[in-house]
Amino acid sequence: MFLVGPFTRLHAVSVANMASGYILNRGVLTLGIHCQRVCRNVSLSQVREKKRWMKAYTYLMAKKLKLEGPPPPNPRSQQPHWDHHAEVQAFSSRLHENFSLEVLKTAFINPCYLQAEHKRRQGLGVGAESTALALEDNVQLSEKGASFTRSFLTDWCRASFPILPSDGVESVVRHLASTGVVTYVARNLGVGDLAMSAECPVPDDVLHSTFMAVVGALLESSGAEKTGLFLRDFLGPQLIGKDLFDMWKVVNPMGLLVEELTERNVPLPEPRLIRAAGASTVLPLYFVGLYSNQKLLAQGPGETLAAAEEEAARVALRILYGYTENRRPLDFSPLQQHQQPLNQSISSN
């Protein structure tokens, strides 16, 4: 009979631990040998997600682009997923205006497009009756829109700048209705994508006439009041940050200032040198002030005394006409805000 004591139990536990450790180490060793045999047939390579042929292809395409130039632009109407009716309707909804869709479609059809399309169909050998297009150009709408635009802008400028003389009002209206300003507004409104023209991109004169045709279409669809607000909201902001004498070319500002002061029974201006800097250098600077009845009207800088006097006269004219940088902002409030005080005054009476 054997005695089982604490020493015997401890010895048995140590023997069991040694056996389990031996089995574990043998398993790890076997797994490592197997991994080495498997990894001998595996080769690792660095991948940068760029193919080897991409460099030569990119170089050839860049060289071809440099020699041949960029491809000719393709009109949006000839690209996939184009629905002319849906685009015209979306244009009307985007501007929040109630256009007649048929009239608006006519506004985008230019005469040059009809002529080019007629020649293209004749080149295909189709008969004269088959080549006839049942479309109407936008000449009448463009003339009507241009006439209304000029008359409305004239009245709006006279109301916004009541002291400005007629020559200045005409210059401001000419600037707002010019090709550069109108085409800038038209391109930002997306008129260029909808305009049907013989050339792509649409020339400035064609885009100008198309925008005027859109104004004529709105005039026929919604009336003069809505069309006036449309022109005020999109053409009026083009005066922001624009100097008066950048639009109105005045050859003799001092003579014009003398005429204006004479009409108002104000003493004639007297130019005086206020201060100067660097008079003996290559870049001198003079400040000339204009005084009338011992009061300073305006002052202006210049590289010469004559230039400083002319700039001071321009500053005085801006103050006189109310076209300064710190003038009251133009009124672009909605129509309801104009009608609300009128309704309140009528109801109170």
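Here are some questions and answers on one buried residue and some salt bridges in a predicted model.

This is a predicted model: local features need pLDDT of at least 70, side-chain atom pairs need 80 or more, and totals for chains, interfaces and linings use all residues. Residues are numbered from 1 along each chain as its sequence is written, and side-chain values use heavy atoms, without hydrogens and water.

Visitor: Is Asn-138 buried or exposed?
Guide: Buried means under 20% relative accessible area, exposed means over 50%, and partly exposed lies in between (1.4 Å probe, protein chains only). Asn-138 has a value of 2%. Therefore Asn-138 is buried.

Visitor: Which residue has its backbone oxygen 2.8 Å from a polar atom of the Asn-138 side chain?
Guide: Contact means heavy atoms within 4.5 Å. Leaving aside neighbours within four places in sequence, the contacts of Asn-138 include Thr-106, Ala-107 and Ser-209. The backbone oxygen at 2.8 Å belongs to Ala-107.

Visitor: How many salt bridges does a search of the whole structure find?
Guide: A salt bridge puts a side-chain nitrogen of Lys or Arg within 4 Å of a carboxyl oxygen of Asp or Glu. Glu-117 and Arg-120 form one, at 2.5 Å. The search finds 9.

Visitor: What separates Glu-117 and Arg-120 in helix H5?
Guide: Helices are DSSP runs (H or I, at least four residues), numbered from the N terminus. Helix H5 covers residues 111-123, and the pair sits 3 residues apart in it. So the separation is about one helical turn.

Visitor: Which residue forms a salt bridge with Arg-187?
Guide: The closest N and O atoms are 2.9 Å apart, and the partner is Asp-204.
The pair links distant parts of the chain, 17 residues apart: Arg-187 in helix H9, and in helix H11, Asp-204.

Methods:
Polar contact = N/O pair within 3.5 Å; in protein donor to acceptor, adjacent residues only side chain to side chain. Helix = DSSP H or I, 4+ residues; strand = E, 2+ residues; numbered from the N terminus.
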